[in-house]
There are 2 protein chains.
Amino acid sequence: MPHPLDAAIALTPLGEGRFAGATTADYWNMAGPFGGATAAVMLRAVLDHPDCRGRPAALTVNYCGAVAEGAFEVFVRLVRDGRSTQHWSVEQSQAGGGITTTASVVTGAERHTWAHPMAAMPQVARWDQTPVAEGTVPVAWRKNYDMRFLTGGPRPLAPDGAVMSPVTRMWVRDMPLRPVDYPALAAISDAFLPRIFMVRGDFSPVATVTLSTYFLADAAALARQGDRPLLAVCDGAAFKYGFNDQSAQLWSDDGELLAVSNQLVWFKG
Amino acid sequence: MPHPLDAAIALTPLGEGRFAGATTADYWNMAGPFGGATAAVMLRAVLDHPDCRGRPAALTVNYCGAVAEGAFEVFVRLVRDGRSTQHWSVEQSQAGGGITTTASVVTGAERHTWAHPMAAMPQVARWDQTPVAEGTVPVAWRKNYDMRFLTGGPRPLAPDGAVMSPVTRMWVRDMPLRPVDYPALAAISDAFLPRIFMVRGDFSPVATVTLSTYFLADAAALARQGDRPLLAVCDGAAFKYGFNDQSAQLWSDDGELLAVSNQLVWFKG
């Protein structure tokens, strides 16, 4: 049996950059698949392409329309094959539903260069000293993550209607355990509660419209991390005119920044 | 005479989503046009499309290959026309050069919703009390910006080879004066010196591979700002394996967050 994440993002090559896949119940969200699983599908398609070289460096996913339960196709196109990077364009579509998702992916050769960490990992309690949170959000995909909240877990309305902090810090990993790889990182970059739920404490309709994840880890850094929890930090700077930003950092448990991710979220009211 | 920025991003409609444009000397960078001007071109093409509704909410630009001096074509496609958002796909190409740039744009209806600023503008000296910096970087586009550095302006190597702060804070606006609009914001989101120049103090080869700007301002907020300088803040979290992230915030001079922007930068060594 493959891991549920691998089952959710499995693709069958149809030739000439086309792949067939299907949503799975394990990664269902409220009214469609978990956006992180869709992000991982778009990345998986590039990694499965026979012309793909190097490791993922950047992934942008645009959530254009609802993905229905069932089969989808992914079409991958190598836009530009450069010496140091490849630029890929990806489209997910469903019969009768048109294009549901678009993505762009940049891959880059593995290189060892001058390196310097600027940001430092927040000092927090270790994951093995942080209790696992029960899933209080009634969506299927939640059970596939071991989440341990340091701050900013699911919470009720503030009694006085006050606006609360948009910051979440949590230890998170796939469940069942699975060594982290780039598709898993892509999925985790969307595994935060919508920030408007956090600041208002209610559940208004929301939808991620676009998400960009930059992978700052090489394959060796991911191998070092294995299946231990990542420290995932999430924030938002402004809510207005029906949209809010969301920024995230994913850290290895020994303090290396593995990925940064940003998204723009539509909210109803 | 149009403003140099408007001249640089002017497009002639060719029908069926195709537009013709050309690079201009005013926005030339080291070995191609200023990436911010290219970002503004990609956005301009969507705004010029007869089916475009609403205001820009998000712009992602992928810099796939070198743009040569001279003519280019931009092809715009409406991927999905939703009730609350439109998803656009854009490609820039040159004869003989293939696809040079791809972009995705999300537009959204103007809506007044619940709003809350989370991040606060850094407390800095006012723009009219901050001296205009002389352009020390030998690129043509620099002269089209009035830049006033509060911290993190161009600087030489640290005498001891120390790694310096990646943070820049500057007041910035178009020169000649021009009221800010979405294409101008898109351009300014790429108007920072590459962060690796800042932290190392040297000039190694760099290239933005992908840039995403989220527009958190409605048209009225931009109209309020007019042609006064924006406070532009820039940072980077990690440099390794040949890439670094760069994050930016663009604030109105009275403290409203107009846009956030992130990019992934390739560097050579």
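**Two copies and a helix: notes from a group meeting**

I would like to begin with a single residue, A:Leu47, which has 18 other C-beta atoms within 10 Å of its own and therefore counts as partly exposed. A residue has to have 20 or more such neighbours to be called buried, and 12 or fewer to be called exposed, so a count that falls in between gives the middle label. Please keep in mind throughout that this is a predicted model.

Where does A:Leu47 sit? It belongs to helix α2 of chain A, which covers residues 35–47. Although A:Leu47 and A:Val105 are separated by 58 residues in sequence, their C-alpha atoms are 9.8 Å apart in space.

Let me turn from the residue to the helix that holds it. Helix α2(A) has 13 residues and reaches 19 Å from its first C-alpha to its last, which is close to the 18 Å expected at 1.5 Å a residue. Is this helix largely enclosed or largely open? Twelve of its 13 residues are buried, and α2(A) is therefore largely enclosed by the rest of the structure. Among the buried residues are A:Gly35 and A:Gly36 at one end, A:Met42 and A:Leu43 further along, and also A:Arg44.

The corresponding stretch of chain B can be described in much the same way. Helix α2 of chain B, residues 35–47, also has 13 residues and reaches 19 Å between its first and last C-alpha, close to the expected 18 Å. Twelve of the 13 residues of α2(B) are buried, so this helix too is largely enclosed by the rest of the structure; B:Thr38, B:Val41 and B:Val46 are among them.

Now let us step back to chain A as a whole. It has five helices and 14 strands. The radius of gyration of chain A is 18 Å, close to the 18 Å that the globule rule gives for 269 residues, and so the chain is as compact as a globular protein of that length. Along its principal axes, the C-alpha trace of chain A spans about 55 × 50 × 40 Å, and 50% of the 269 residues count as buried. If we take the contacts in chain A with a separation of 6 or more, 69% of them are accounted for by residues 24 or more positions apart.

The next topic is how the two chains are arranged. Chain A can be laid on chain B by a turn of 180° with a shift of 0.0 Å along the axis, and the RMSD is then 0.0 Å. The two copies are thus related as by a two-fold rotation axis. The same surface serves both copies, since 100% of the contact residues of chain A recur in chain B.

How many residues does each chain bring to the contact? Chain A gives 54 residues and chain B gives 54 residues. On the side of chain A that touches chain B, these residues divide into 27 nonpolar, 22 polar and five charged. There is also strand pairing across the boundary: strand β12 of chain A, residues 238–240, and strand β7 of chain B, residues 116–117, run antiparallel and are joined by two bridges. In that pairing, A:Ala238 has B:Pro117 as its bridge partner.

A residue that shows the contact from the other side is B:Thr102, which lies in strand β6 of chain B, residues 98–108. With 26 other C-beta atoms within 10 Å, B:Thr102 is buried. Leaving out residues up to four places away in sequence, B:Thr102 touches A:Val79, A:His87, A:Ser89 and A:Ser104 from chain A, together with B:Asn62, B:Cys64, B:Val90 and B:Glu91 from chain B.

I will close with two local details of chain B. Strands β1, residues 12–15, and β2, residues 18–22, pair in the antiparallel sense over three bridges, and B:Gly15 stands opposite B:Arg18. Two residues lie between the strands of this hairpin, and B:Glu16 takes a positive phi near 55° there. Finally, B:Met164 is placed in the loop between β8 and β9 of chain B, and, with 14 C-beta neighbours inside 10 Å, it counts as partly exposed. Beyond its neighbours within four places in sequence, B:Met164 is in contact with B:Ala158, B:Met198, B:Val199 and B:Gly201.

Definitions and conventions:
Residues are numbered from 1 along each chain as its sequence is written. Chains are lettered from A and ligands numbered from 1 in the order in which they are written. This is a predicted model: local features need pLDDT of at least 70, side-chain atom pairs count only at pLDDT 80 or more; totals for chains, interfaces and linings use all residues. Two residues are in contact if their C-beta atoms, placed from the backbone, lie within 7 Å. Ala, Val, Leu, Ile, Met, Phe, Trp, Tyr, Cys and Pro count as nonpolar, Asp, Glu, Lys and Arg as charged, and the others, Gly among them, as polar. Two strands pair if DSSP finds at least two bridges between them. Helices (H or I, at least four residues) and strands (E, at least two) are DSSP runs, numbered from the N terminus. Copies are superposed by least squares on the C-alpha atoms of residues with pLDDT of at least 70 in both. The expected span of a helix is 1.5 Å times one less than its number of residues. The radius of gyration is taken over C-alpha atoms; the globule rule is 2.2 Å times the number of residues to the power 0.38.
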